[in-house]
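Work through the exercises below with the sequence and the model side by side. Try each task before reading its solution.

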Amino acid sequence: VQLVESGGGLVQAGGSLRLSCAASGIIFSRYLMGWYRQAPGKQRELVADITSGGSANYADSVKPDSVKGRFAISRDNAKNTVYLQMNSLKSEDTAVYFCNARYGGLSSWGQGTQVTVSS
């Protein structure tokens, strides 16, 4: 299993980034795909995940259907890729963002991509 994240970088507060995670070595359409993040000195936490059928789940702080919703996860099974669109970024979103693929008892991680939001 190989998961390769891209799209991270340095952005000003209020800006946007789109992360991508390209998967190989798996039957992508079967997997629950997720984005996690880990800030310095903190535990890794779920940001959002999306089922094989396209149902998304979000951390409370980033739900897209709320007034404060800022992130959106999506997947393209034809391209074996999962995305995380991040809008209205805040300094507290600064972290390494990791892609995760989960199926049954199997869980695989990408190497992570750094997102830094300057205030």
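**Exercise 1. Find the strands that pair with β4, and describe the pairing.**

Solution. This is a predicted model.

Step 1. Start with β9, residues 95-103. Seven bridges join β9 to β4, and the pairing is antiparallel. To check the register, take Arg37: its bridge partner in β9 is Tyr97.

Step 2. Turn to β5, residues 45-50. Five bridges connect β5 with β4, again in the antiparallel sense. Here Tyr36 has Leu46 as its bridge partner.

Step 3. Inspect the connection. β4 and β5 make a hairpin, with six residues between the two strands. In the turn, Gly41 has a positive phi of about 80°.

Step 4. Check the cover. β4 spans residues 32-38, and five of its seven residues are buried.

**Exercise 2. Give the strand order of the open four-stranded sheet, and name its edges.**

Solution.

Step 1. Read the order across the sheet: β1-β3-β8-β7, with antiparallel pairing.

Step 2. Identify the edges. β1 (2-6) and β7 (71-76) each pair on one side only.

Step 3. Add the twist, which averages 15° from one strand to the next.

Step 4. Look at β3 with β8. Residues 17-24 of β3 meet residues 81-86 of β8 through six bridges. Within this pair, Ser20 stands opposite Tyr83.

**Exercise 3. Describe the largest nonpolar core and the surroundings of Met33.**

Solution.

Step 1. Count the members. The largest nonpolar core has 29 residues.

Step 2. List the residues with the most contacts inside it: Met33, Trp35, Val82, Leu84, Met86 and Tyr97.

Step 3. Trace the contributions. At least two core residues come from each of β3, β4, β5, β7, β8, β9 and β11 (113-118).

Step 4. Now take Met33. Leaving aside residues up to four places away in sequence, Met33 touches Leu3, Phe28, Ala48, Ile50, Ile73, Val82, Cys99 and Ala101, among others. Its contacts also include Asp49, Arg75 and Asn100.

**Exercise 4. Which side chain of opposite charge is nearest to Asp49, and how far away is it?**

Solution.

Step 1. Place the residue. Asp49 is found in β5. Asp49 is buried.

Step 2. Find the nearest side chain of opposite charge. It belongs to Arg102, 6.4 Å away.

Step 3. Apply the cut-off. A salt bridge needs a side-chain nitrogen within 4 Å of a carboxyl oxygen. Asp49 has no salt bridge.

Step 4. See what Asp49 does touch. Beyond four places in sequence, its contacts are Leu32, Met33, Gly34, Ser55, Ala56, Asn57 and Ile73.

**Exercise 5. Trace the salt-bridge network, and classify each member as buried or partly exposed.**

Solution.

Step 1. Start with the total: the structure holds three salt bridges.

Step 2. Pair Glu45 with Arg37. Their side chains meet at 2.8 Å, N to O. Glu45 counts as partly exposed because its relative accessibility is 39%. Arg37 has a relative accessible area of 9%, so Arg37 is buried.

Step 3. Pair Asp93 with Arg37. This salt bridge is 2.9 Å, N to O. The pair links distant parts of the chain, 56 residues apart: Asp93 sits in the loop between β8 and β9, and Arg37 in β4. Both Asp93 and Arg37 are buried.

Step 4. Pair Arg70 with Asp93. The closest N and O atoms are 2.6 Å apart. Arg70 lies in the loop between β6 (56-58) and β7, 23 residues from Asp93. At 8% relative accessibility, Arg70 is buried. Asp93 is buried too, with a relative accessible area of 0%.

Step 5. Assemble the network: Arg37, Glu45, Arg70 and Asp93 are linked by salt bridges.

**Exercise 6. Where in the chain are Asn80 and Ser88, and what are their phi values?**

Solution.

Step 1. Recall the background. Most residues other than glycine have a negative phi.

Step 2. Check Asn80. This residue lies in the loop between β7 and β8, and its phi is positive, near 55°. Its relative accessible area is 25%, so Asn80 is partly exposed.

Step 3. Check Ser88. This residue is in the loop between β8 and β9, with a positive phi near 50°. Ser88 counts as partly exposed because its relative accessibility is 40%.

Technical notes. Residues are numbered from 1 along each chain as its sequence is written. This is a predicted model: local features need pLDDT of at least 70, side-chain atom pairs count only at pLDDT 80 or more; totals for chains, interfaces and linings use all residues. Side-chain values use heavy atoms; hydrogens and water are left out. Two strands pair if DSSP finds at least two bridges between them. Axes are lines fitted to C-alpha atoms, for helices over the stretch in contact, and angles run from 0 to 180 degrees between N-to-C directions. Buried means under 20% relative accessible area, exposed over 50%, partly exposed in between (1.4 Å probe, protein chains only). A nonpolar core is a set of buried Ala, Val, Leu, Ile, Met, Phe, Trp, Tyr and Cys residues joined through side-chain atoms within 4.5 Å. Contact means heavy atoms within 4.5 Å. Lys and Arg count as positive and Asp and Glu as negative; His and the chain ends are not counted.
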